[in-house]
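Visitor: Hey, can you walk me through this one? I'm new to reading structures.
Guide: Sure, let's bring it up and go piece by piece.

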Amino acid sequence: MKALSDDCERFMSFLPGHIYSSKQGAMRRWYNPPWFSEQIPSTPYDPMVLRKAFEKAVLKRLMTDVPFGVLLSGGLDSSLVAAVASRFLAESEVACQWGSQLHTFCVGLKGSPDLKAAQEVADYLGTRHHEFHFTVQEGIDAIEEVIYHTETYDVTTIRASTPMFLMSRKIKSLGVKMVISGEGSDEIFGGYLYFHKAPNKEEFHQETCRKIKALHLYDCLRANKSTSAWGLEARVPFLDKEFINIAMAIDPEWKMIRPDLGRIEKWVLRNAFDDDQKPYLPKHILYRQKEQFSDGVGYSWIDGLKDHANKQVTDAMLIQASFIYPENTPTTKEGYYYRTIFEKFFPKNAARSTVPGGPSVACSTAKAVEWDAAWSNNLDPSGRAALGVHAAAYEESLGDKDTNQPHGSSQKLQEGLVEQAATVV
């Protein structure tokens, strides 16, 4: 967009899976996989089929003639990518050129959940692990550059893009030119914590379809632009077209989160790689609770961003937001702060229309916010906003002044949420 915004008054996103016909003067979608219609599939779950499909997708992305590595956060998705890549690396042609020891990379604030988990996975797999630290201030200092490169003012994307942007610079300085990453799994398997509240398998499946269709606006945008800002290529095996077709054909009843059956989020994927004979990962990593990247790098990162935005944006400015930004009006000081930076770089109407809006909780679409009435009072894209689900959910969630409830009823609700969280954990 930055190449167009100075010279063009009207521009729009070239949508993925589309072609442009100059004869018809319009775009037409050519990518038409079976899941696109959002019809509910009924193929029985076969863990070995899913495992083989993912291994094939990772192996395919090991074809390279440049130094490469894996982005390892220590969560399920990136750990599986690293486990499969390290298992197949020794047998692949690329090992002759770059050696059979896989390089893995992780970023976070010192003492963050991701750093600890990533080191544990790296030790288990025997990879050459590179741990990068950043401070909240370094992240805040990079925000303007991040917004310029990612071309968005979406709060979640900016929160997660900043650590990835800082990590990409350090990875490139080591001479590495390609990284394999774990994006896409949460969209395909319903891994975000708000999926705990999906009322039925139909709603669950339709939400996963909506999430995959919007990937180019969120996680894929982050992974692509945060890395390519430094000339680094990111490859995403979970979004291999064959793998998506196999994973999205599974009856969504199997993907549903069922604590009564011992199924946590992404159980079908975890179970597929739960091999006692030749384990891919330690059990507690294989069954680690979902941690959004912007949370996992260190909870104080998001809290630091909010504090910084509070100093930059006054209450009066936020009240006037609908007059200054009538389209996609920011509802928080953090959102307002990002929007002002975005408008500085991309002032045209066409630019702001390329960024999606609408309410969201823990990365949900606007439609999924309806699944739980309590969420409408706690709209925040952090995973910790999934009240009653995340083990470290926000404590001050439904304050009495916001809900107009007497203190006692709010207190009971808090206690209930804590009990629910304990049950899920």
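Visitor: Let's start small. In β5, what is the bridge partner of V107?
Guide: That's F132. Keep in mind that we're looking at a predicted model.

Visitor: How many bridges join β4 to β5?
Guide: There are 6 bridges between them, and the two strands run parallel. Strand β4 covers residues 103-108.

Visitor: And which helix packs on the sheet there, touching β4 and β5?
Guide: Helix α4, residues 113-125. Its direction makes about 170° with that of β5. Angles over 145 degrees count as roughly antiparallel, so you can call α4 and β5 roughly antiparallel.

Visitor: Zooming out, what's the strand order in the whole sheet?
Guide: It goes β5-β4-β3-β6-β7, an open sheet of 5 strands with parallel pairing.

Visitor: Which strands are at the edges?
Guide: β5 (128-133) and β7 (233-235), since each of these pairs on one side only.

Visitor: By how much are neighbouring strands turned against each other?
Guide: On average by 30°, ignoring direction.

Visitor: Switching topic: at what angle do α6 and α17 cross?
Guide: Roughly 75°, and their axes come within 10 Å. Helix α6 is residues 155-173 and helix α17 is residues 333-345. The two helices are therefore roughly perpendicular to each other.

Visitor: Which residues meet there?
Guide: From α6 you have V155, I158 and R159, and from α17 there's E334, G335 and Y338.

Visitor: What kinds of residues make up that contact?
Guide: It's a mix: 3 nonpolar, 1 polar and 2 charged.

Conventions: Residues numbered from 1 in each chain as written. Predicted model: local features only at pLDDT ≥ 70, side-chain atom pairs only at ≥ 80, totals over all residues. Heavy atoms only, no water. Pairing = 2+ DSSP bridges. Helix = DSSP H or I, 4+ residues; strand = E, 2+ residues; numbered from the N terminus. Axes fitted to C-alpha atoms, helices over the stretch in contact; angles between N-to-C directions. Contact = heavy atoms within 4.5 Å. Parallel < 35°, antiparallel > 145°, perpendicular 65-115°, else oblique. Nonpolar A, V, L, I, M, F, W, Y, C, P; charged D, E, K, R; others polar.
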